[in-house]
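User: I am new to this structure and would like to learn how to read it. Please take me through it step by step.

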Amino acid sequence: MSKAQQDDIDDTSAPLIEHLAELRNRLIKSALAFMVGMVLCFTVATPIFNFLTAPLCSALAERGQDCDLIFISPQEGFFVAVKVSFLGGFMLAFPVIATQLWRFVAPGLYRSEQGAFLPFLISSPAMFLLGASFAFYVVTPLAYDFFLGFQQFGASGEAMVEEGAAAPLSVVFQGSAQEYLNLTIRFIVAFGMCFQLPVLLTLMGKAGLVSEAGLKAGRKWAVVGILTLAALVTPPDVITQIILFAVVYGLYEVSIWLVARVEKARNERLRREGLLDDEDEGEEADKA
């Protein structure tokens, strides 16, 4: 191998090593931010958990019951605090993580691409927070009200006496703190991810992967998919499933409108540059 060829190899490998070093530094900063956020949340894990129990406590209070959760194993309290800290630490560290991601990606983008990508980086956590809030304040109370309806006790909390039964029967909720937290986080994460639908489809529309006409033609499949999703992530409660379906399908229709705006802006730009005329635009619509 000649010296010139060796120099070419060294020149091409140096940027790769620099990118890997920068990626490592960005990941280290993100991990440190997450660890700091997790430690901070661990110190206040009990108030955070008490806040998360609000939907359950409200449903129990309406039935005249105390909001009592139990630990079924000695280590369960510690793991509940760790899970609360993990969730809270990620939320606190997300601005830092997003900033590190942006600083790593932005230098490799054109100015127009930076202007297109940055709004999605901002809107994604905002939509996740909106979905998580909707799950916590609307869906979760309905779900726990449904679940608690299967208890068996009298008006004053006494055991139910069944005719012919050998002894009075009482089936009362005594929930595990860890199981309650797992189910609540499942609701929050599921709805937060569902609310990413407009962001995802709009980004795909900007990349040319989906079109307004294609999304309109896929409405019937969207209905089937959303109904299936509602059956999987919600309790077997028709009201909760209808709420999820209505919200997610509404987001699908919003996505169609957003993709249409993206297509219109792209076509206007191409028309100004002389790369698209009305006939070409009509042919593209027919193909879609």
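Analyst: The turns below cover confidence, one helix and one pocket. The model is predicted.

User: Which elements of the protein chain have the lowest and the highest mean pLDDT?

Analyst: Helix α11 (residues 278-287) has the lowest mean, 52, and helix α2 (residues 45-52) the highest, 91. Over residues 4-13 the pLDDT is below 50, and this stretch has two contacts in the model beyond near neighbours in sequence. The chain as a whole averages 79, with 80% of the residues scoring at least 70.

User: How do I read a helix, and which residues of α3 are buried?

Analyst: An α-helix has 3.6 residues a turn, so residues three or four places apart point the same way. In α3 (residues 54-62), the buried residues are Pro55, Leu56, Ala59 and Leu60. They lie on the same side of α3 because they cover an arc of only 130° around the axis. Ala61 and Glu62, on the other side of α3, are exposed. Gly64 follows α3 and has a positive phi, near 75°.

User: How is empty space found, and what lines the largest pocket?

Analyst: Rolling a probe the size of a water molecule over the atoms shows where empty space is left. Here the largest pocket holds about 620 Å³ of space. It is lined by 25 residues, and those closest to its centre are Phe90, Phe94, Ser124, Pro125 and Phe128. Two or more lining residues come from each of α4 (76-105), α5 (111-148), α6 (177-194) and α7 (197-206).

User: Which element gives the most to that lining, and how do the residues divide into nonpolar, polar and charged?

Analyst: α4 gives the most, with ten residues. The lining has 22 nonpolar residues, two polar and one charged.

Key: Residues are numbered from 1 along each chain as its sequence is written. This is a predicted model: local features need pLDDT of at least 70, side-chain atom pairs count only at pLDDT 80 or more; totals for chains, interfaces and linings use all residues. Side-chain values use heavy atoms; hydrogens and water are left out. On a 1 Å grid over the protein atoms alone, a cavity is a set of points where a 1.4 Å probe fits but cannot get out, and a pocket is an open set with protein on both sides within 12 Å along at least five of seven lines; lining residues have an atom within 4 Å of a point. Grid points are joined across faces, edges and corners, and a volume is the space filled by probe spheres set on the points. Helices (H or I, at least four residues) and strands (E, at least two) are DSSP runs, numbered from the N terminus. Ala, Val, Leu, Ile, Met, Phe, Trp, Tyr, Cys and Pro count as nonpolar, Asp, Glu, Lys and Arg as charged, and the others, Gly among them, as polar. Buried means under 20% relative accessible area, exposed over 50%, partly exposed in between (1.4 Å probe, protein chains only). The arc is that of the directions from the helix axis to the C-beta atoms. pLDDT is the predictor's confidence in each residue, from 0 to 100. Contact means heavy atoms within 4.5 Å.
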